[in-house]
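Trainee: Got a minute to walk me through this one? I'd like to get the chain contact straight.

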Amino acid sequence: MISEFPLFLFTLLGGMSAGTYALLAVLKRREDGDAVILPVVALILLVISGFALFGHLGRPAGALQVMGHPTTGIGFEGYGSLLFGLFVLIDLIICAAKKKPNHVVTVLAGIFGLILLVAMGYAYYEVMGIEQWGNAASFAMFIFGGLALGVPLAAFFVEEGYGNSRFRLVAALAIALGVIALLIENGVFGGLGLSTNAFMIGAVLLAIAFVLVLVNRKNAVWITWLIFVLVVVGMAIARYSFYMI
Amino acid sequence: MPVGFAINTVNCFGCKTCQLACENTHLQNPGVFMRRVREVNATEGPGTVFVSMACNHCDDPQCLKVCPVGAYTKLTDGTVVQDHEKCIGCKSCIMACPFHAPTFDESEGATYKCDGCLDRRSAGLLPQCVISCPGANIQFGNLDEVAQAYDGAESIHDTVATGPNLYVKHNENLDLDDFKHIDGRETVDVGSVDGWL
């Protein structure tokens, strides 16, 4: 197992949670289902990723000290997670009370979700000692990658899912950005003489998901789940390789 | 003028006395080294070159920049020191340092980093690695002084963006850019070190 497995979990699950809200900020959320499911799922992902982040620390008890240094990568991620989590919690409370989501709250959660993705990218961009991380490609990896990860989850919470042409467009764009991010990392790692197989595998799986998004006009359940698996597995393989230092 | 180390790689034969002396002086846990002797192997050309390296007390220390708990400070003499009690073991400093100079103690869950034996220097003594090297191949002090320690020693200050304060004596064909490749690995392969030996 990779030594930074906690970071892998943090960016994968936290990124999925943040990416989902970032996408839903520009879409119309379903109001016919149980509205609380989305914030509950997002919070579960965020809590698991948060505990994973504690696992990254040798002395977890001192984690709160990080909040005194918001300009550092971990501090930025900490504040990003807290603020994003706060708005997801507000969304949960509103959904529980009014039985439907509030769009302004969704947009605010989406904005802070995007900020969390930027924080993740920044945390690796500033790592000068690891050449394959300390460059602008890390922003693409975590911002575009997070948005791509948000697609399969967001599909369950948008009116008509992939049957919604606006969502299909947004989803296809987000997954395309995910493919671009993996190809950029492929170039960065390859340029340093490191293995790029995982990025290519991830890019191919996401490219298949991209095609399925475009053809899933009838929002077939099996295609929706297939897209879910392809995007999550594809991004997980690529991220796992990213952390193999 | 800030402080820093000078090393003589021409005469170093890799005995690692400096590494062990540093460990025995400062740390209790075996295998946790603030100074490490890296083996630099040529993929073209002969042999292995030994590079003894600890913290280079950079002008722009990345450990200080990225530490999320503010455990690092740079003293007026240029020494970069860590407040070990503040360390939460996130390893950000190790990953950010181009040379991976800080070292992680698994048993303690925290990171240690060379401070140039600040306690010994306060008592008027030289750092332990300096006095322990049987070949006198390590020097520490103000850079203008250590720069003169070995004939022909060159600074690697401008080869890495952090501005490391380290002078190196090497054979004439050594490319200082090879120091960019000296990171956390114990053994480093570089393209060609013809003339190192």
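Mentor: Sure, one term to start: a salt bridge is a side-chain nitrogen of Lys or Arg within 4 Å of a carboxyl oxygen of Asp or Glu. This is a predicted model, where local features need pLDDT of at least 70 and side-chain atom pairs count only at pLDDT 80 or more, while totals for chains, interfaces and linings use all residues. Residues are numbered from 1 along each chain as its sequence is written, chains are lettered from A and ligands numbered from 1 in the order written, and side-chain values use heavy atoms, with hydrogens and water left out.

Trainee: How many salt bridges are there across the interface of chain A and chain B?

Mentor: Two, by that rule. In one of them A:Glu4 pairs with B:Lys91, with the closest N and O atoms 4.0 Å apart.

Trainee: And how many residues does the contact take from each chain?

Mentor: Chain A gives 20 residues and chain B 27, contact meaning heavy atoms within 4.5 Å.

Trainee: Switching topic: where is A:Thr72, and is the residue buried or exposed?

Mentor: A:Thr72 is in the loop between α2 (37-56) and α3 (73-98) of chain A; helices are DSSP runs (H or I, at least four residues), numbered from the N terminus. A:Thr72 counts as buried because its relative accessibility is 3%, and buried means under 20% relative accessible area with a 1.4 Å probe, protein chains only.

Trainee: What does A:Thr72 touch?

Mentor: Leaving out residues up to four places away in sequence, A:Thr72 touches A:Tyr122, A:Glu126, B:Lys65, B:Val66, B:Cys67 and B:Pro68.

Notes:
Helix = DSSP H or I, 4+ residues; strand = E, 2+ residues; numbered from the N terminus. Buried < 20%, exposed > 50% of the residue type's maximum accessible area, 1.4 Å probe, protein only.
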